[in-house]
Structures are given as structure tokens and as C-alpha cells.
Amino acid sequence: MATDILFYVLAALTLIFGALVVANPFSRNPVTSAMFLVLTIISMAGLFVLLHAFFLAAVQVLVYAGAVMVLFLFVIMLLDLKEEERRKIKLTGLVAGVVSVGAIVAIFVRSLLATKPSENLPAPTAVGDTATLGKMLFTNYLLPFEIVSILLLVAMVGVILLSKKDLK
Amino acid sequence: MNLSLMSLEISVVALGLVVLLADLWLPAERRRALGYVAAAALGLLLLQNLSGCCSCCVAGGDGTAFGGMFVQDGLSVFFKRFFLLAGALVLVLAVEFSDRIATGVSEYYSLIIFALAGMLFAASANDFAMLFVSIELITITFYILTSFTRGKVAALEAGVKYLILGALSSAFMVYGIALVWGTTGKFNFNELAQVAGNFTDNKVFLFGVVFILAGLGFKIAAFPFQMWTPDVYQGAPTPTTAFLAVGSKAAGFVLLLRFLFTAIPSVTAHWDKLLIIISGITILYGNLCAIPQRNLKRLLGYSSIAHAGYLLLGVAAMTSAGQSAVLYYLSGYLFTTLAAFTVIALVMRHLDSEDIAGLAGLNQRSPLLAATLTLAMVSLAGIPPLAGFFGKFLLLKAVIEQGAVNHGYYCLAFTALVGVVISLYYYFGVIRAIYWSKDAASREPILISTPMRVAIVGCIAGIFWLGVAPGAVLRLAESAVNALHCPGLALN
């Protein structure tokens with residue numbers, strides 16, 4: 001019961017903070033948006049904890065709320081904030097965005113309502129502690145794990161090439 | 001587990017690492033030739049694969065590894081050969097292009113090889129984890145390859161567009177995978193196929209499937225996920241564009257075929273209307289938008305959208321005849337597209353933009369290149385006796401055979417014919433620019449290096465061979481698609 005209440009609280013917080021990231025009525029400062037994004041990510045980490053995915057929750061806070069957001073803030077500080085605050089939002093863009101998001105949400109809600117949750121398979125039981133996850137990565141999912149290592153190498157090479165100062 | 005099944009992938013990744021490291025010790029002036037070495041190595045791997053002396057490709061060498069995640073069957077072998085050939089030709093093209101790359105020539109080669117490794121993994125992916133990881137390896141490598149000439153604004157713009165739209169489509173796909181896994185609890189395609197029948201009216205499951213299809217649709221540039229294609233094709237360095245047009249599209253198709261016909265055949269069977277509509281609109285969109293283009297790479301971008309539509313004809317037909325026609329068409333498309341981009345890279349060497357007017361006088365400057373581009377255009381348009389004609393013939397035949405089941409197939413075949421007629425106009429516009437333009441900017445003969453000449457002649461031979469003697473490749477394609485329909489073989 002307590003977890004149910006926690007779930008609804010955290011889910012509501014995630015949605016509210018998420019909405020405040022893109023449409024904050026009080027401030028159009030990108031730094032405020034970024035800070036709300038941190039809050040969104042932290043409430044989402046709470047949802048992962050409720051799913052017993054503890055490792056994912058920790059990574060969510062460490063990597064996304066920590067490292068990635070610092071990067072975001074760096075980029076934001078390099079931008080011209082004044083100009084960003086003055087910029088008008090284009091009506092067509094706004095309408096297109098609202099309509100497409102609304103359409104996806106509508107279809108999803110309808111498909112959720114049309115599906116009885118009890119039918120067919122039960123939801124797979126997730127075991128999310130670090131030891132289990134580590135074992136999975138090095139046994140069942142070894143091959144994708146190794147391919148991701150190539151992917152990281154590629155990304156590293158790419159970052160160096162694309163950000164190196166001098167074009168010799 | 002059977003690691004020898006993966007010997008090809010391991011060799012290709014090792015080759016990429018060697019090329020990356022060789023840069024440390026090679027003097028700057030010899031780095032350029034590294035591309036030839038890499039292309040030759042890929043050629044050797046291809047020959048070894050064709051001759052079947054490694055254990056993985058002889059007839060009995062089918063099997064799975066890593067708990068069914070990685071599957072080696074006729075389909076994956078066919079596509080692996082396809083990707084190796086494309087990779088080798090693109091590397092030769094990259095050597096030709098290397099003097100226009102300001103920095104990191106050997107990194108360019110090695111990134112091409114890593115993208116190739118991603119495609120090889122995609123050809124064998126039999127599991128959502130492998131599908132996602134291999135697609136990401138391909139796509140992320142292409143983000144870098146696209147903006148490699150970062151001194152050019154167009155390349156940067158193309159890279160940023162590809163990055164944003166690619167990330168969005170990946171997000172859609174992961175969301176879809178999560179929903180499919182959440183409803184079925186299966187990650188493996190064969191296991192999913194056994195239970196998918198129970199979920200044909202589970203809306204959440206279908207929602208997930210649609211999202212996965214959206215992600216794959218982005219890779220193959222099908223309507224309505226085609227927005228990125230023209231800009232990226234135009235802005236990217238020409239070898240990247242060529243590899244994107246051939247390799248990335250084919251990787252999308254092999255994953256699409258496996259997903260639709262191995263993982264969820266019971267759902268696919270109900271979705272003929274969706275596939276028919278997407279295929280028809282893609283053909284019309286690509287062909288109509290190509291008409292006003294003056295930039296040759298942009299024109300080929302739109303034409304590649306149209307060809308994605310033609311290829312979807314074979315998918316929409318949902319018969320093994322249609323699927324083998326897809327494979328056959330892709331083989332023809334490989335030679336034709338690579339030939340066209342090779343000519344573009346050579347002719348447009350000193351020009352800032354790849355305007356069609358730059359082709360003026362090509363006939364006098366280099367009869368070989370003029371003939372190559374003409375053949376490529378004629379084959380893309382689908383005129384006998386070239387590869388494109390026979391491929392289109394097979395695709396249309398497969399669709400019309402299905403017409404008795406659903407009359408929508410007749411409309412689709414008609415749409416495809418209309419598309420072919422429209423495409424004649426702009427393909428012949430290119431040919432007219434080659435032979436009948438008056439004011440040529442330059443009359444210098446174009447020098448072609450020997451490896452380049454070999455690659456061009458190889459492409460021409462391929463175009464003719466597939467058009468005149470289709471038997472061998474067609475038999476290969478037919479046996480390859482058998483793997484899709486007897487997943488029991490992959491389970492043992």
C-alpha cells in the first residue's frame with residue numbers, strides 16, 4: 001500500500017517537473033529548466049527504486065543527474081541566455097509539438113485501456129541489484145556488452161576528431 | 001556457444017583496431033594507402049567467405065551463439081557478403097576522397113570498418129538487445145562519418161540533423177522494445193515468434209511493434225521517417241553518403257525482414273495494408289521530390305527514398321518470392337549506387353557543390369566515367385537489361401502474384417509503375433547533362449587511379465551480370481530467405 005502511494009507521488013512529481021522543464025510559466029531561464037530536469041531525473045530514480053532496480057536508480061542519479069546535467073549546464077552557460085529568453089516561440093512549432101505529443105499520448109492511453117492487465121503473461125519479475133545485473137551482463141548479454149565497448153571506442157574517436165582544435 | 005561462427009565479425013573489428021593503431025607508426029604520407037590495405041583485407045575476407053573454407057559459411061555451418069542472440073543462417077551470410085563488398089568498395093572510394101579530409105584519414109577508414117562491423121552484427125541479430133546495439137553502432141559511427149569534413153558548414157549541419165533525428169528514432173525504438181518486452185517477456189526473436197500469436201489483439205504490444213517499426217523505418221528512410229535523407233546525403237562526405245545509401249539501408253532491411261517475418265509473423269500477416277500504404281507513399285514521395293533537384297547528391301537522396309519504397313514492395317508482398325526479390329534488388333542497388341557515388345566523388349573533386357551542371361562535358365573529359373554514370377542512372381531507372389530492371393521486375397511480380405489475396409496489391413503495383421515513369425524524367429536529366437550540355441566549365445581529362453578503375457569496372461560488371469545472368473544471385477537470395485521461414489533451424 002505504501003509503495004502504491006509512493007508510486008503515485010513520484011509519478012506525479014516526475015510529470016510535473018517534466019512539464020516545468022519545457023513550459024515554465026515563471027521563468028524562461030534555461031538554467032531553471034535544467035534544474036527541473038535534475039528533479040525529474042531524481043523522481044524517476046525513485047520510480048526505479050520502487051521497481052527494485054536499485055542499480056539503475058543509482059546510475060540514474062550518478063550519471064544523468066550528476067554528470068550529464070553538469071555537461072548540460074556548461075553548454076547552457078556558453079549560450080547567450082539573454083537572447084534565449086527574448087526568443088519568441090513559433091506558433092506552428094508549438095502547435096505541431098502539442099498535436100504530435102497529444103496524438104501519441106492519446107493512442108497510448110487508448111491502447112492501455114483496451115488491454116486488460118491480467119491477461120496473458122504476468123509482468124517479468126525484475127531483479128535489479130548490482131550483482132544480478134553484473135552476472136547478466138557477463139553471461140547472457142555478453143555479446144551486446146562487448147559491442148557496446150566498440151561503440152564507446154567509436155564515440156571516443158569521434159569526439160576527439162570533431163572537437164580537436166586545429167584542422168591540420 | 002560457438003565462437004567460430006563469429007570469426008568474420010571478430011576479424012573485421014580487429015582490422016578496424018589495426019587501422020586505428022597503424023596511424024601511430026605510419027608516416028603521414030603513407031597513411032592514405034592504408035585504405036587500400038584495409039579494402040584488400042576486406043576483399044580477402046569476402047573471398048574466404050565465398051570459397052567457404054572457414055567453418056562459418058559452409059552449408060552445415062549454420063547455428064546460433066550466445067543463447068540464440070547471434071544467428072548464422074543463409075540470410076545473415078548473404079547480407080554479410082553484401083556488407084563486405086560494400087565496405088571494400090567504399091574504402092577504395094574513401095582513399096580517393098582522402099585528400100579532401102583535413103585531419104584523421106586513418107580514423108576515417110577505421111570508422112568505416114567499425115560501421116561495417118555493426119552491419120555484420122545487424123545481419124546476425126536475432127534478439128532485441130543485439131538489434132538495438134548493432135543499430136546504434138552503425139548510427140553513431142555514421143554521425144561522426146557524416147560531419148567528418150567539419151570545416152564545411154553543410155557537413156556539420158548534416159551531422160547535427162542526423163544526430164537529432166537519429167537519437168529521436170532510437171528513443172522511439174527503445175520505447176517500443178520496452179513495451180514489447182513488458183507485454184511478452186521475450187527478447188529473443190524465435191521465442192517471441194512462439195508467443196506473438198497470443199498478443200495479436202493486445203494493443204500495448206502492437207503499440208510497441210509500431211514504435212520498433214518507426215525506428216527501423218528511419219534507418220531505411222521510408223515515409224514518414226525520411227526527412228533527414230536529402231540533407232544528410234547532400235552534406236556528408238561522398239564516401240559516407242555512399243555507405244549510408246547502401247550499407248545502412250541494407251542493415252535496416254535485414255533487421256526489418258527478421259523482425260517482421262521471424263519475430264512477429266502472426267502480427268505481420270494482418271498488416272498488409274499498412275505496408276502497402278507506406279510502400280506506395282514512399283515511392284511517390286521520393287520520385288516526386290527528386291524532380292526539381294539540381295544537386296546530384298540530393299537527387300540521389302530522394303531517389304534512395306524511392307528505392308526504399310520499391311524495396312518495401314517485396315516486404316509488403318509477404319511471400320518468400322517478395323523477400324528474395326528484396327535481396328536481389330539490394331544487390332543490384334549496391335553496384336549501381338556505389339558506381340554513381342564514385343563518379344560523383346571523382347568528377348566533383350574541384351567543385352564546391354555537386355550541381356548537375358558540373359557534369360557538363362563529362363563525355364569528353366572521361367568517357368569511362370560518363371558511361372558509368374549513364375549505366376548507373378539507367379539501371380536505377382529500371383531499364384533492361386541492367387540490374388535495376390530485373391530487380392524491379394521481380395518485386396512487381398511478387399506484388400502482383402499477391403493481388404488475388406488483396407486488391408490493394410494491384411494499386412501498389414500501379415503506383416510503383418507510375419513511380420518508375422516519373423523517375424525516368426530526372427534520371428535522364430542527369431544523362432542529358434553528361435552528353436548534351438553546351439557550356440562545360442572544364443575540359444581537363446579526369447585522372448583515375450588503378451584501384452579506382454578496378455572498382456568502377458567491377459561495379460559495371462556487377463550491374464550487367466545481375467541484369468543479364470540473374471540466376472546465381474537469385475538462387476542465393478532464395479535460399480537465404482528460407483532461413484526466415486524455418487526458424488526451427490535456428491533453434492537447434
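**Exercise 1.** Find the salt-bridge partner of B:Lys161 in this predicted model, and work out whether the two residues are buried or exposed.

*Solution.* Start with the partner: B:Lys161 makes a salt bridge with B:Glu157, and their closest N and O atoms sit 2.7 Å apart. Next, place the pair. Both residues belong to helix 6 of chain B, four residues apart, or about one turn of the helix. Now check the accessibility. Partly exposed means between 20% and 50% relative accessible area. B:Lys161 has 29%, so it is partly exposed. B:Glu157 has 40%, so it's partly exposed too.

**Exercise 2.** Which parts of chain B does the salt bridge between B:Lys80 and B:Glu9 tie together?

*Solution.* First, look at the contact itself: the two side chains meet at 2.6 Å, N to O. Then find the helices. B:Lys80 is in helix 3 (residues 74-97) and B:Glu9 is in helix 1 of chain B, so the bridge ties together parts 71 residues apart in sequence. Last, check the surroundings: both residues are buried.

**Exercise 3.** Describe the side of chain B that touches chain A.

*Solution.* Begin with the contact count: 42 residues of chain B are in contact with 33 of chain A. Together the chains bury about 3,200 Å², 81% of it on carbon and sulfur atoms. On chain B, the residues losing the most area are B:Val133, B:Arg150 and B:Phe207. Now look for charge pairs: there are zero salt bridges between the two chains, though three residue pairs are in polar contact. Helix 5 of chain B gives the most residues to this side, eight of them. Finally, sort by class: 27 nonpolar, 11 polar and four charged residues.

Key. Residues are numbered from 1 along each chain as its sequence is written. Chains are lettered from A and ligands numbered from 1 in the order in which they are written. This is a predicted model: local features need pLDDT of at least 70, side-chain atom pairs count only at pLDDT 80 or more; totals for chains, interfaces and linings use all residues. Side-chain values use heavy atoms; hydrogens and water are left out. Contact means heavy atoms within 4.5 Å. Buried area is the accessible area (1.4 Å probe) that two parts lose on being put together, summed over both. A salt bridge is a side-chain nitrogen of Lys or Arg within 4 Å of a carboxyl oxygen of Asp or Glu. A polar contact is a pair of N or O atoms within 3.5 Å; within protein, one must be able to donate a hydrogen and the other to accept it, and residues adjacent in sequence count only if both atoms are side-chain atoms. Helices (H or I, at least four residues) and strands (E, at least two) are DSSP runs, numbered from the N terminus. Ala, Val, Leu, Ile, Met, Phe, Trp, Tyr, Cys and Pro count as nonpolar, Asp, Glu, Lys and Arg as charged, and the others, Gly among them, as polar. Buried means under 20% relative accessible area, exposed over 50%, partly exposed in between (1.4 Å probe, protein chains only).
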